[in-house]
Amino acid sequence: MSEEQEVVTVVKAPVYLKYNFTAGAAPARFLAQIKKGVLTGQRCPKCSAVYVPPRGSCGGCGVATEEEVVLSNKATVQSFTIVYIPIPNNPIEPPYIIANVVPDGANISFIHLMSECVNEDVHIGARVEAVWKPKEEWDFAMDNIRYYRPIDEPNVPVDQIGKLPVTGLEG
Amino acid sequence: MKEIAIVGFKQSDSVSDAGAVNEVEMIMPVLSSVFQQVGINNAQDVGFVCSGSCDYLQGAAFAFVAGVDALGAVPPIKESHVEMDAAWALYESILKIRMGHAESALIYGFGKSSPGELPIVMSQQLDPYYLAPLWVDSISLAALQARLMLDQGLITERDMAEVVSRSRRNAMNNPHAQLAGDVAPDDVLAEEMYLSPLRKADICPVSDGASAMIIATVDKAKEWGVPYAIISGIDHRIETHNLGMRDLTDSVSTRTAAKRAGMDAGKVEVAELYAPFSHQEIILSRALGLGDETRINPSGGVLAGNLMMASGLSRIGEVFNRIVSGEVQRGIAHATSGPCLQHNLVTVLEKA
């Protein structure tokens with residue numbers, strides 16, 4: 001070649017698209033309740049599993065979850081991890097705990113934060129409760145629950161996690 | 001080779017805005033309705049499942065995975081997905097059955113196009129180096145195509161208006177249609193230009209909805225004891241993504257696909273053509289050589305409602321419905337993908 005050409009390795013083509021996103025009918029019902037300070041799930045009419053947060057169907061059975069179930073503030077730790085690295089825009093100082101918690105009355109866990117705890121003492125089966133933000137700050141948002149904190153109740157055996165009634169361990 | 005039949009088909013209403021429902025909520029009613037039609041419980045009762053959708057439509061990453069929540073996938077099922085119209089999910093399912101990996105399949109397509117600006121969203125399916133960065137929208141490209149045809153004297157604006165008029169009138173008998181009415185060609189011509197030479201009526205509407213189909217080997221269809229129509233041929237062909245390199249006034253790929261699918265082996269009583277723009281119906285019917293013996297788009301076609309990623313499957317379903325009702329014995333369905341009819345699929349259906 002008579003002339004060396006610079007090799008093009010990058011073409012910049014940014015994509016901006018605008019959407020009017022909707023959460024869905026079932027998530028909208030859930031969000032309307034959480035704005036009122038109530039944690040709800042939805043029950044599958046076929047297998048009775050209670051989903052939280054509900055997405056509209058029971059993924060196992062493929063049917064709509066219509067019945068709304070009010071869940072407890074108490075929950076059980078199904079799994080957890082201790083985060084040691086800072087996450088951009090996250091105001092929480094590491095190390096902190098992210099846990100999979102199952103509220104009493106539900107059969108599916110969701111991810112939330114834990115606080116007011118000794119990180120090293122957190123364990124699977126530990127009992128926790130939701131600590132809500134002040135009422136005036138409630139919005140259509142999962143972080144109306146600020147975090148979960150440990151409570152003084154006996155551990156839930158692993159095979160019972162996700163199976164407690166809304167009345168809890170003694171129920 | 002195993003003969004494959006369509007045993008069930010359902011389509012939702014085509015609506016301009018499905019409101020607050022999410023993908024699962026949009027799909028579930030259509031699926032339960034097609035399960036009921038065939039007399040099965042859920043996706044556990046078919047050998048394979050394949051869906052067609054595009055996450056760009058509603059701007060929700062992995063929307064297609066959320067769709068699986070409508071299936072009843074516990075215990076695990078054999079499942080696949082195409083980021084295309086579900087007509088291509090049907091194609092994949094047919095291959096699966098022909099290979100002997102399944103005896104039956106559920107196919108579904110869904111699209112919630114209302115949350116985004118569809119013509120702009122579609123610009124991002126263009127070639128990423130030269131065209132997508134220009135944001136050329138799907139309507140502008142179709143307008144260029146229509147302009148070529150008008151200037152070459154291949155069509156007139158009245159020809160286009162006649163396509164629209166027939167679509168609106170036929171759609172009066174389609175309970176799922178979004179746009180229907182006793183509209184005369186002169187009414188269409190009286191409309192103002194939207195994107196010259198296209199009037200709004202020349203362009204399919206933006207729609208939300210879903211459709212679902214169940215296919216099976218003929219043996220399985222007989223076991224289920226439901227009416228069925230035979231898929232006697234299916235083929236798809238694609239042309240270059242470079243719009244300047246192909247004749248936009250013709251559809252070579254459609255013609256080839258129809259030939260390979262065996263369209264010419266018998267009379268074509270009905271043809272459902274996926275033509276999102278009025279002039280494209282003319283391109284397609286000419287490419288296929290359809291004459292007076294063929295009824296084109298008796299459902300109203302997609303000018304009456306265009307469920308992105310489901311409309312192609314619905315064209316096939318519409319022909320299936322007419323065969324099992326005894327209205328016709330043989331027909332073809334066409335599906336398209338890409339700008340200006342780039343990629344085309346033709347299915348031939350026959351009475352059992």
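Two residues are in contact here if their C-beta atoms, placed from the backbone, lie within 7 Å. Keep that in mind as we walk through this predicted model, starting with chain B.

Take the contacts in chain B between residues at least 6 apart in sequence: 78% of them join residues at least 24 apart. In other words, for those contacts, you will often have to jump a fair way along the sequence to find the partner. What is chain B built from? Its secondary structure comes to 12 helices and 12 strands. The radius of gyration of chain B is 19 Å, and the globule rule gives 20 Å for 352 residues, so chain B is as compact as a globular protein of that length. If you like to picture a box, the C-alpha atoms of chain B fill one of roughly 55 × 45 × 40 Å, taken along the principal axes. Buried residues make up 57% of the 352 residues in this chain.

Now let's look at how chain B is divided up. There is a domain 1 (4-117 + 206-224), a domain 2 (124-202) and a domain 3 (232-351). Notice that domain 1 of chain B is written as two stretches, 4-117 and 206-224, while the residues of domain 2 are 124-202. The centres of domain 1 and domain 2 of chain B, taken over C-alpha atoms, are separated by 29 Å. Where these two domains touch, domain 1 of chain B puts in 8 residues and domain 2 of chain B puts in 4 residues. And what sort of residues does domain 1 bring to that contact? On its side you'll find 2 nonpolar, 5 polar and 1 charged.

Next, follow the strands of chain B. An open sheet is formed by 10 strands, and if you read across it the order is β3-β2-β4-β7-β1-β8-β12-β11-β9-β10, with mixed pairing. Which strands sit at the edges? They are β3 (79-82) and β10 (295-296) of chain B, and each of them pairs on one side only. Further in, find β1 (residues 4-11) and β8 (residues 229-238) of chain B, which pair in the antiparallel sense over 3 bridges. To spot this pair in the viewer, look for B:Ile4, which stands opposite B:Ile231 in β8(B).

Time to move over to chain A. Chain A has 1 helix and 10 strands. Going from the N terminus, the elements run α-β-β-β-β-β-β-β-β-β-β, with the helix leading the list. The radius of gyration of chain A is 21 Å, well over the 16 Å that the globule rule gives for 171 residues, so chain A is more spread out than a compact globule. The box filled by the C-alpha atoms of chain A is roughly 85 × 40 × 35 Å, along the principal axes. Of the 171 residues of chain A, 28% count as buried. As for contacts in chain A with a separation of 6 or more, residues 24 or more positions apart account for 56%.

Chain A is divided into domain 1 (22-71) and domain 2 (72-163), and their centres, over C-alpha atoms, are 20 Å apart. Where they meet, 13 residues of domain 1 of chain A are in contact with 15 residues of domain 2 of chain A. On the domain 1 side, α1 (25-35) and β2 (50-51) of chain A each supply at least two residues, and the largest share, 3 residues, comes from α1(A). That side of domain 1 of chain A divides into 10 nonpolar, 2 polar and 1 charged.

Let's zoom in on one residue of chain A, A:Ile98, in strand β7 (residues 96-103). Is A:Ile98 buried, exposed or partly exposed? A residue needs 20 or more other C-beta atoms within 10 Å to be buried, and 12 or fewer to be exposed. A:Ile98 has 15, so it counts as partly exposed. Leaving aside neighbours within four places in sequence, A:Ile98 is in contact with A:Phe80, A:Thr81, A:Val83, A:Ile111 and A:Leu113. The C-alpha atoms of A:Ile98 and A:Ile82 are separated by 6.5 Å, with the two residues 16 apart along the chain.

Finally, bring the two chains together. Their contact takes 27 residues from chain B and 23 residues from chain A. On the chain B side, α1 (23-38) and α5 (118-123) each supply at least two residues, and α1(B) gives the most, with 3 residues. The chain B side divides into 17 nonpolar, 7 polar and 3 charged residues.

Technical notes. Residues are numbered from 1 along each chain as its sequence is written. Chains are lettered from A and ligands numbered from 1 in the order in which they are written. This is a predicted model: local features need pLDDT of at least 70, side-chain atom pairs count only at pLDDT 80 or more; totals for chains, interfaces and linings use all residues. Helices (H or I, at least four residues) and strands (E, at least two) are DSSP runs, numbered from the N terminus. The radius of gyration is taken over C-alpha atoms; the globule rule is 2.2 Å times the number of residues to the power 0.38. Ala, Val, Leu, Ile, Met, Phe, Trp, Tyr, Cys and Pro count as nonpolar, Asp, Glu, Lys and Arg as charged, and the others, Gly among them, as polar. Domain bounds come from an automatic or database domain assignment. Two strands pair if DSSP finds at least two bridges between them.
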